[in-house]
Amino acid sequence: MTAALAPTPAGPRSLGPGPAVLAFDVGGTDVKSALVDRSGTLRGLRRTSSPEPGADSPQRLLDLLVRLADDLREDHPGIEPDAAGLVVPGIVDAPAGIAVFSSNLGWRDAPLRDLATARLGLPVAFDHDVATGSWAEHRIGGARPFDDAVVLIIGTGVAGTLILDGRLHAGGGYAGEIGHSPLGDWPCPCGARGCLEAVASAGAIARRYR
């Protein structure tokens with residue numbers, strides 16, 4: 001049975017109680033940030049433009065995260081985070097804490113987990129944005145009934161992940177990354193030609209419309 005044919009599960013479950021954490025979701029267009037309190041409620045959720053691409057974009061991203069963390073703490077003085085969660089797009093080596101490559105943000109081999117830990121002064125959980133999104137779908141969202149699922153996200157780029165036998169299949173950070181599958185002969189910001197996301201992502205569609 002495919003997910004498309006399955007009955008829609010009941011509404012999403014609460015995140016539930018746990019440690020308070022700073023949450024940062026970095027995308028090619030904007031950064032979503034919030035403070036998750038001990039009841040699992042998101043506080044101060046906001047969107048901020050992502051840094052412009054460039055060799056120094058990791059440093060500018062960290063500067064932005066520190067400012068956002070300071071703002072969230074100031075706005076919610078009664079909630080002191082125990083840790084932070086940081087997810088980023090592109091190719092990610094999550095166990096090593098390395099952002100290997102992002103065509104939309106211009107970084108290569110950036111040790112973002114260690115840099116963020118030092119700048120925020122907190123333990124930092126680090127992973128791929130769509131991988132964590134797909135895991136959330138599997139645990140508390142629309143993919144709850146299934147041990148096998150494909151989750152595709154169409155945004156600034158096109159990314160996807162695989163959940164097989166109830167476990168996230170990372171494939172070294174490449175599994176499900178269909179956005180750079182070669183389908184033609186058009187240029188892509190990554191330097192290759194014919195990539196799917198160069199014509200089918202939300203960013204590409206908006207550019208073509210304009």
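Buried means under 20% relative accessible area, exposed over 50%, and partly exposed in between (1.4 Å probe, protein chains only). The model is predicted: local features need pLDDT of at least 70, side-chain atom pairs count only at pLDDT 80 or more, and totals for chains, interfaces and linings use all residues. Residues are numbered from 1 along each chain as its sequence is written, and side-chain values use heavy atoms, with hydrogens and water left out.

**Exercise 1. Place S57 and list its polar contacts.**

Step 1: locate the residue. S57 sits in helix α1. Helices (H or I, at least four residues) and strands (E, at least two) are DSSP runs, numbered from the N terminus.

Step 2: classify its exposure. S57 has a relative accessible area of 1%, so S57 is buried.

Step 3: look for polar contacts. A polar contact is a pair of N or O atoms within 3.5 Å; within protein, one must be able to donate a hydrogen and the other to accept it, and residues adjacent in sequence count only if both atoms are side-chain atoms. A polar atom of the S57 side chain lies 3.0 Å from the backbone oxygen of G54. The S57 side chain also reaches the backbone oxygen of L105, at 2.8 Å.

Step 4: widen to contacts, meaning heavy atoms within 4.5 Å. Neighbours within four places in sequence aside, S57 is in contact with P51, E52, L105, G106 and W107.

**Exercise 2. Describe how α1 and α2 pack.**

Step 1: get the geometry. The axes of α1 (residues 57–75) and α2 (residues 112–120) come within 10 Å and cross at roughly 40 degrees. Axes are lines fitted to C-alpha atoms, for helices over the stretch in contact, and angles run from 0 to 180 degrees between N-to-C directions.

Step 2: name the angle class. That crossing angle makes α1 oblique to α2. Angles under 35 degrees count as roughly parallel, over 145 as roughly antiparallel, 65 to 115 as roughly perpendicular, and the rest as oblique.

Step 3: assign the hand. The crossing of α1 past α2 is right-handed. The rule: a crossing is left-handed if the near helix is turned anticlockwise from the far one by less than a right angle, and right-handed if clockwise.

Step 4: list the contact residues. From α1 come P58, Q59, L61, L62, D63, L65, V66, A69 and R73; from α2 come L112, L115, A116, R119 and L120. These residues divide into 10 nonpolar, 1 polar and 3 charged. Here Ala, Val, Leu, Ile, Met, Phe, Trp, Tyr, Cys and Pro count as nonpolar, Asp, Glu, Lys and Arg as charged, and the others, Gly among them, as polar.

**Exercise 3. Characterise the surroundings of V88.**

Step 1: locate V88. V88 lies in strand β4 (residues 83–88).

Step 2: classify it. With a relative accessible area of 0%, V88 is buried.

Step 3: list its contacts. Not counting residues up to four places away in sequence, V88 touches V26, A99, W107, L112, F126, D127, H128 and D129.

Step 4: check one pair along the chain. V88 and L22 are 66 residues apart, and their C-alpha atoms are separated by 15 Å.

**Exercise 4. Assess the positive phi values of D109 and D165.**

Step 1: take D109. Its phi is positive, about 50 degrees, although D109 is not a glycine. D109 is in strand β7 (residues 107–110). At 54% relative accessibility, D109 counts as exposed.

Step 2: take D165. Phi of D165 is near 55 degrees, positive in a residue other than glycine. D165 is in the loop between β10 (158–164) and β11 (167–169). With a relative accessible area of 54%, D165 is exposed.

**Exercise 5. Classify W135 and C190, then find their contacts.**

Step 1: take W135. W135 is in helix α3 (residues 129–140). At 31% relative accessibility, W135 counts as partly exposed. Residues up to four places away in sequence aside, W135 touches I163, G166, R167 and L168. W135 and L162 are 27 residues apart in sequence and 9.4 Å apart, C-alpha to C-alpha.

Step 2: take C190. C190 is in the loop between β12 (182–187) and β13 (193–195). Its relative accessible area is 21%, so C190 is partly exposed. Residues up to four places away in sequence aside, C190 touches F101, S103, H180 and C195. C190 and G106 are 84 residues apart in sequence and 8.7 Å apart, C-alpha to C-alpha.
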